[in-house]
Amino acid sequence: FSDVMWLVDQLLYKKLDSRLAAFLLEESDLDGARELKITHEEIARHLGSAREVITRMLQYFQSEGWVSLSRGTVALTDEEALRQAAAQSLR
């Protein structure tokens, strides 16, 4: 139940770019690596979004120089910018 409430809170009160940045940083911390072996589909499922939306957002992150994308991999290239994006929300 608490997982559902957390997801509802995330969906209602935080922007997707903020949620995605926070997710990438958290996964990086958990894995202890700046290169994540994860697909856009897996990220979308974790965040309760569509793969296409996640792909567009990751492409935006890449154009800003925050991440580098390759097949099945997301490499964090500017963690500070991701932290700033993660801190932003609608609250």
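## Overall picture

The protein's accessible surface comes to about 5,600 Å², and carbon and sulfur atoms hold 51% of that area. Please keep in mind that you are looking at a predicted model. The protein has 91 residues, and 36% of them are buried.

Five helices and three strands make up the list of elements. Read from the N terminus on, their order is α-α-β-α-α-β-β-α. Among contacts with a separation of 6 or more, 58% link residues that lie 24 or more positions apart.

## Helix 2 and Ser18

Helix 2 spans residues 16-31. Its 16 residues cover 22 Å from the first C-alpha to the last, close to the 22 Å expected at 1.5 Å a residue. Just past the end of helix 2, Gly32 adopts a positive phi of about 70°.

Many side chains are worth a look here. The buried residues of helix 2 include the nonpolar Leu20 and Leu24, along with Arg19, Glu27 and Ser28. An α-helix has 3.6 residues a turn, so residues three or four places apart point the same way.

Ser18 also belongs to helix 2. Is Ser18 buried or exposed? Ser18 counts as buried because its relative accessible area is 0%, and the cut-off for buried is under 20%. Beyond its neighbours within four places in sequence, Ser18 makes contact with Ala85, Ala86 and Gln88.

## The nonpolar core

The largest nonpolar core holds 23 residues, and those touching the most other members are Leu20, Leu24, Ile43, Leu58, Phe61 and Leu82. Two or more residues each come from helix 2, helix 3 (40-47), helix 4 (51-63), strand 3 (73-76) and helix 5 (79-87). Helix 2 supplies the largest share, six residues.

Leu58 is a good place to start exploring. Setting aside neighbours within four places in sequence, Leu58 is in contact with Leu20, Leu24, His40, Ile43, Val67, Leu69 and Val74.

## The sheet

The three strands build an open sheet in the order 1-3-2, with antiparallel pairing. Strand 1 (35-36) and strand 2 (67-70) are at the edges; each has a single partner strand, so one side of each lacks a neighbour in the sheet.

Strand 1 and strand 3 run antiparallel and are joined by two bridges. Opposite Leu36 you will find Val74 of strand 3. Val74 is also one of the residues in contact with Leu58.

Notes: Residues are numbered from 1 along each chain as its sequence is written. This is a predicted model: local features need pLDDT of at least 70, side-chain atom pairs count only at pLDDT 80 or more; totals for chains, interfaces and linings use all residues. Side-chain values use heavy atoms; hydrogens and water are left out. Helices (H or I, at least four residues) and strands (E, at least two) are DSSP runs, numbered from the N terminus. Buried means under 20% relative accessible area, exposed over 50%, partly exposed in between (1.4 Å probe, protein chains only). Contact means heavy atoms within 4.5 Å. The expected span of a helix is 1.5 Å times one less than its number of residues. A nonpolar core is a set of buried Ala, Val, Leu, Ile, Met, Phe, Trp, Tyr and Cys residues joined through side-chain atoms within 4.5 Å. Accessible areas come from the Shrake-Rupley method with a 1.4 Å probe; for residues, only the protein chains shown count as cover. Two strands pair if DSSP finds at least two bridges between them.
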